[in-house]
Amino acid sequence: MKVLVINGPNINMLGIREPAVYGSQNFQDLLKFIEQSAAEEGISVDCYQSNHEGDLVDKIQAAYGVYDGIVINPAAYTHTSVAILDALKAVAIPAVEVHISKVSEREDFRQISYAGKACVKTYAGLGFEGYRQGLLFLKEYLKK
């Protein structure tokens, strides 16, 4: 099983950006956590991060025929990007949406998730653990 993990804007600033919301661990810690979690489950994983919407769309499109699943944290684009929604729908690769913070308890504008409309599951507010849960969910989902 091969999974692409995509992180959107400002996730590369973990540890610096709003530690009260996102914690003190940095982006490299997140990548290590994802890679270790995947290895423990026998999942091949590639990680990608960009602050640019079009780059994220390109990466989703390039995943077609290459990956079995996608774990995506679209970050701020969650609430604004129909383009990411459309890319996820176009490739029709099972995707899980992940958010480090509890988006449901944040600002009103964060209550809409466009990307989530194309995802089979969402994990929010679990910190890094949401990524592991996303990988585990896809592993079981893809067995069916």
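Here are a few exercises on this predicted model, each with a worked solution.

Residues count from 1 along each chain as its sequence is written, and side-chain values use heavy atoms, with hydrogens and water left out. Because the model is predicted, local features need pLDDT of at least 70 and side-chain atom pairs count only at pLDDT 80 or more, while totals for chains, interfaces and linings use all residues.

**Exercise 1. Work out the strand order of the sheet, and find which strands stand at its edges.**

Step 1: Get the terms straight. Helices (H or I, at least four residues) and strands (E, at least two) are DSSP runs, numbered from the N terminus. Two strands pair if DSSP finds at least two bridges between them.

Step 2: Read off the order. The sheet is open, has 5 strands in the order 2-1-3-4-5, and its pairing is parallel.

Step 3: Look at the ends of that order. Strand 2 (44–49) and strand 5 (121–124) each have a single partner strand, so one side of each has no neighbour in the sheet.

Step 4: Check the twist. On average, neighbouring strands here are turned by 20° against each other, direction ignored. For such angles, axes are lines fitted to C-alpha atoms (for helices, over the stretch in contact), and values run from 0 to 180 degrees between N-to-C directions.

Step 5: Zoom in on one pair. Strand 3 (residues 69–73) and strand 4 (residues 95–99) run parallel and share 3 bridges; Ile70 has Ala95 in strand 4 as its bridge partner.

Step 6: Add a helix. Helix 2 (residues 27–40) packs on the sheet and touches strand 1 (2–7) and strand 2, where contact means heavy atoms within 4.5 Å. The direction of helix 2 makes about 160° with that of strand 2.

**Exercise 2. Track down the salt bridges that involve Arg132, Lys139 and Lys143.**

Step 1: Set the criterion. A salt bridge is a side-chain nitrogen of Lys or Arg within 4 Å of a carboxyl oxygen of Asp or Glu. The structure holds 4 of them.

Step 2: Start with Arg132, which meets Glu40 at 3.4 Å, N to O. Arg132 sits in helix 5 and Glu40 in helix 2, so this pair ties together parts 92 residues apart in sequence.

Step 3: Go on to Lys139. Its partner is Glu41, with the closest N and O atoms 2.9 Å apart. Glu41 is in the loop between helix 2 and strand 2, Lys139 is in helix 5, and 98 residues separate them.

Step 4: Finish with Lys143, which bridges to Glu140 at 3.3 Å. These two are 3 residues apart in helix 5, about one helical turn. Lys143 is exposed at 59% relative accessible area, while Glu140 is partly exposed at 42% (buried is under 20%, exposed over 50%, partly exposed in between; 1.4 Å probe, protein chains only).

Step 5: Look for shared partners. Glu40, Glu129 and Arg132 are joined into one network.

**Exercise 3. Find the loops that hold Asn10 and Ala92, and compare their phi values and exposure.**

Step 1: Place them. Asn10 is in the loop between strand 1 and helix 1 (19–22); Ala92 is in the loop between helix 4 (82–91) and strand 4.

Step 2: Read phi. Asn10 has a phi near 75°, positive although the residue is not glycine. For Ala92, also a non-glycine residue with positive phi, the value is near 55°.

Step 3: Check the accessibility. Asn10 is partly exposed at 35%, whereas Ala92 is exposed at 61%.
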